[in-house]
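Grab a pencil and get the viewer ready. Try each exercise yourself before you read the solution below it.

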Amino acid sequence: MKLKNILIVVKDIEKSKQFYHDLFGLDMVLDHFGNVILTEGLVLQDEKIWKEFLGKDIVHKNNCCELYFEEKDIEAFVEKLDNLYPSIEYVNRLVSYDFGKKIIRFYDLDGNLIEVGTPI
């Protein structure tokens with residue numbers, strides 16, 4: 001058995017596709033009735049579909065998981081994030097640790113937590 005995808009719920013598929021393309025270079029592999037598979041295995045699902053499937057309300061910004069990306073030139077990434085999405089909500093701006101790692105955490109357009117860090 002192997003893990004194939006990670007699915008996140010989004011309010012606006014088109015805006016989310018653009019967001020993940022702009023910042024992380026993820027491209028669409030498949031668009032199938034409110035489910036979009038992006039490169040690297042990230043799946044975006046329309047909030048209405050998820051809510052109907054679960055029969056429960058969606059809890060945005062629940063802070064129980066995060067998407068983690070690595071970027072060697074994290075300063076350039078932070079600049080790109082600030083330029084393209086100036087109103088993005090940060091959990092923490094760029095932080096440097098004594099052991100050499102740098103990270104930034106923020107929410108995507110739908111409150112999904114994202115961490116971008118430098119490789120160790």
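**Exercise 1.** In which helix do Lys17 and Glu14 lie, and how many residues apart are they? Then work out whether each one is buried or exposed, or something in between.

*Solution.* Keep in mind that you're looking at a predicted model.

- Step 1: Find helix α1, which covers residues 13–24; both Lys17 and Glu14 lie in this helix.
- Step 2: Count along the chain: the two are three residues apart, or about one turn of the helix.
- Step 3: Check the side chains. Those of Lys17 and Glu14 meet in a salt bridge, with N to O at 3.1 Å. That fits the cut-off, because a salt bridge needs the nitrogen within 4 Å of a carboxyl oxygen.
- Step 4: Look at accessibility. Lys17 has a relative accessible area of 16%, so Lys17 is buried, since buried means under 20%. Glu14, at 48%, counts as partly exposed.
- Step 5: Look for another partner: Glu14, Lys17 and Asp31 are linked in a network of salt bridges.

**Exercise 2.** Which parts of the chain does the pair Glu75 and Lys102 tie together?

*Solution.*

- Step 1: Start with the general idea: side chains of opposite charge can pair when their charged atoms come close.
- Step 2: Apply the distance test. The closest N and O atoms of Glu75 and Lys102 are 2.4 Å apart, and the two form a salt bridge.
- Step 3: Place each residue. Glu75 sits in helix α3 (residues 74–84) and Lys102 in strand β7 (residues 102–107), so the salt bridge ties together parts that are 27 residues apart in sequence.
- Step 4: Add accessibility: Glu75 is partly exposed at 38%, and Lys102 is partly exposed at 25%.

**Exercise 3.** In what order do the four strands of the open sheet come, and which helix lies across β6, β7 and β8?

*Solution.*

- Step 1: Read off the order, β5-β8-β7-β6, with mixed pairing.
- Step 2: Spot the edge strands. They are β5 (66–70) and β6, and each pairs on one side only.
- Step 3: Zoom in on β5 and β8 (residues 113–117): these run parallel and are joined by five bridges. Here Leu67 stands opposite Ile114 in β8.
- Step 4: Add the helices. α1 packs on the sheet and touches β5, β7 and β8, its direction making about 10° with that of β8. The helix across β6, β7 and β8 is α3, running at about 20° to β7.

Methods:
Residues numbered from 1 in each chain as written. Predicted model: local features only at pLDDT ≥ 70, side-chain atom pairs only at ≥ 80, totals over all residues. Heavy atoms only, no water. Salt bridge = Lys/Arg side-chain N within 4 Å of Asp/Glu carboxyl O. Buried < 20%, exposed > 50% of the residue type's maximum accessible area, 1.4 Å probe, protein only. Pairing = 2+ DSSP bridges. Contact = heavy atoms within 4.5 Å. Axes fitted to C-alpha atoms, helices over the stretch in contact; angles between N-to-C directions.
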